[in-house]
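Dear colleague,

Please find below the structure that I am handing over to you, with its sequence. A summary of what was found in it follows.

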Amino acid sequence: MLAVVCLCTSCLSNDDETVTYEDTAVTTFTLGTVRCYRTVKTAAGNDSTYSYTYSASTVPMYIDQINKRIYNEDSLVVGTDVSRVLTTIYTKNNGVAMFKNIADDNWTLYSSADSIDYSTQRTLRVVSSDGQHVADYTVDIVVHKEYADSFTWSRMPYDATIASMTKMKAVQAGNTMYLMGSDASGAVKLLSSQDGQAWGDITMPSGADLTTASIATHDDTLKVYDGSKIYSTNDGITWKTVTPAVALQALLGGIKDEMYALGTDGKIMVSKDYGTTWGQDDMEDATYIDNSQYLPTTDISMIAAVTKMNSDVARVTMIGNKARSGADDATFKTAVVWNKVVDKKAPQAWTYTNVAWNNYKYTLPRMENLVAVPYADGILAIGGQPINNSATPYSTMYYSPDCGATWHTQTSMNVPTAFTAAENATMVADGKGHFYIIGVNLNAAEEADKCLIWRGKQNKVTWKTPDKYYE
């Protein structure tokens, strides 16, 4: 028994030896509860500030072990105070964590019980348990500087070419916006811009006639139809040419392997070989009800997008007007909307969205120069003088969250007053969370007011885009 006791004592003394490691790494970094301050207007119109707390532990913190960075990709909400934040940090193999002081070059040991100031970029150091190895991380805690639901307009620079344009239409393809219209001499111009700050001329291939041309997009490609040929480009420099086997009235757009056009008979045409052969596309069964009279004939916009649930399926929405006539003005009080689901496995026909079911509530008015663009997971529309009332032209933005079934006025997007003087206008979205309203007032007293270009953005939409910091 004495021998066993002696043996156990010997083993216990060996366990008392300390084992150290060379590994230096942060394995977990989590923020605690933070305080947020907000300023609101009282009923009397005065500023009032209040605060509340919320847990930031659900905000993912990314630890980049290669570049030694720790950061939050999803910014904290506006008004969050990050000058005093409790933080949970774990290191590999019990490495010692410490922060470099903001005011000097000294270091302060990390403690989960002490709040840390993240109002500026910090350096977090991890020292291995043997004291021989060090790893420094840069810590960035990002806080939004804009409220998610706020909306802003920014006026873009004057452009002499646009200032004299009429009959404008704009589309977006890839990272480029394209604008077509007639200048003061009547010549048709095609312009392009990446950001709305500057617009440059696009040179069409020799022989192209833009006199009555139409433009559209098919995925990320610009399409121009001049009445005899379809010209395609991805960069505005290199062009491919296709000669349709039939005459078309105008290109509309497309997605995946389907491209759409308006036929000379006013019906919807489809091409599945990028524009060479065309045939009339399927429409809903006319034996049940014939809605062909509701097909748009002018001011047509096409919005196409792949569905979020299935990348093999796309949704196409066509919005437009009936041509001006006394009879149609009395009959068609709203814009007309058609939809189609593009699915190879289950081909579907175009269907008319009947607005009569809600007694003409939440509809899109029939406006001159109507234009619609994709925005904020829905469709945004604007137009000139409404056909059936005296509302101010280009004064109201309309938004549809359901592919054109219902439309709602966007009071938070009040159009700049100066823009309501536009004689003709168009709109385009840039795919980065911004949209542009482009108008011309040829009768403006000041030259600078003849060109009206404004960029609008809702902050939470720009945050969703891949280019998160695009301003």
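I begin with one residue pair: A372 has A381, in β30, as its bridge partner. Please bear in mind throughout that this is a predicted model.

**The strands around β30**

The pair just named belongs to a wider pairing, in which strand β29 (residues 371-375) and β30 run antiparallel and are joined by five bridges. Together β29 and β30 make a hairpin, with two residues between them. A376, in the turn, has a positive phi of about 55°. D377 is also located in the loop between β29 and β30, and its phi is positive as well, at about 60°, although D377 is not a glycine. Most residues other than glycine have a negative phi. With a relative accessible area of 53%, D377 is exposed.

Strand β30 (residues 378-382) is mostly covered, as five of its five residues are buried. β30 also pairs with strand β31 (residues 398-400), in the antiparallel sense and through three bridges. Here I379 has S400, in β31, as its bridge partner.

A further positive phi, of about 55°, occurs at Y362, which is not a glycine. Y362 lies in the loop between β28 and β29.

**A four-stranded sheet**

An open sheet is formed by four strands in the order β13-β14-β15-β16, with antiparallel pairing. Its edges are β13 (166-173) and β16 (200-201); each has a single partner strand, and therefore one side of each is left without a neighbour in the sheet. Strands of a sheet pair through backbone hydrogen bonds. Between β13 and strand β14 (residues 176-182) there are six bridges, and the two strands run antiparallel. Within this pairing, V171 is placed opposite Y178 in β14.

**Pockets**

The largest pocket has a volume of about 1,500 Å³. Its lining consists of 50 residues, and those closest to its centre are I303, A304, A305, P374 and Y375. Strand β25 (residues 298-306) supplies the largest share of this lining, namely seven residues. By class, the lining of the largest pocket comprises 27 nonpolar, 14 polar and nine charged residues.

The second largest pocket holds about 890 Å³ of space. Thirty residues line this pocket, and K167, M168, K169, A213 and S214 lie nearest its centre. Two or more residues of the lining come from each of β13, β14, β17 (214-218), β21 (248-255), β25 and β33 (424-429). The lining of the second largest pocket divides into 14 nonpolar, 13 polar and three charged residues.

**Aromatic pairs**

How many aromatic pairs does the structure hold? There are 13. One of them joins Y294 and Y352: the ring centres are 4.4 Å apart and the planes stand at 10°, so this pair is stacked. Because Y294 lies in the loop between β24 (279-280) and β25, and Y352 in strand β28 (residues 351-352), the pair ties together parts that are 58 residues apart in sequence. Y294 is partly exposed, with a relative accessible area of 23%, whereas Y352, at 12% relative accessibility, counts as buried.

Y352 also pairs with W338, with ring centres 5.5 Å apart and planes at 50°, so this pair is tilted. W338 belongs to strand β27 (residues 336-342) and Y352 to strand β28, and the pair links distant parts of the chain, 14 residues apart. W338 is buried, its relative accessible area being 0%.

Elsewhere, ring pairs link F151, W153, Y375 and F435 into a cluster. Y375 is also among the residues closest to the centre of the largest pocket.

**Cysteines**

A search of the whole structure for disulfides finds zero. A disulfide is a covalent bond between the sulfur atoms of two cysteines. Is C36 buried or exposed? C36 counts as buried because its relative accessibility is 0%. C403, by contrast, counts as partly exposed, at 25% relative accessibility.

Yours sincerely

Note on methods
Residues are numbered from 1 along each chain as its sequence is written. This is a predicted model: local features need pLDDT of at least 70, side-chain atom pairs count only at pLDDT 80 or more; totals for chains, interfaces and linings use all residues. Side-chain values use heavy atoms; hydrogens and water are left out. A disulfide is a pair of cysteine sulfur atoms within 2.5 Å. Buried means under 20% relative accessible area, exposed over 50%, partly exposed in between (1.4 Å probe, protein chains only). Two strands pair if DSSP finds at least two bridges between them. On a 1 Å grid over the protein atoms alone, a cavity is a set of points where a 1.4 Å probe fits but cannot get out, and a pocket is an open set with protein on both sides within 12 Å along at least five of seven lines; lining residues have an atom within 4 Å of a point. Grid points are joined across faces, edges and corners, and a volume is the space filled by probe spheres set on the points. Ala, Val, Leu, Ile, Met, Phe, Trp, Tyr, Cys and Pro count as nonpolar, Asp, Glu, Lys and Arg as charged, and the others, Gly among them, as polar. Rings of Phe, Tyr and Trp (its six-membered ring) pair if their centres lie within 6.5 Å; planes under 30 degrees apart count as stacked, over 60 as edge-to-face and the rest as tilted.
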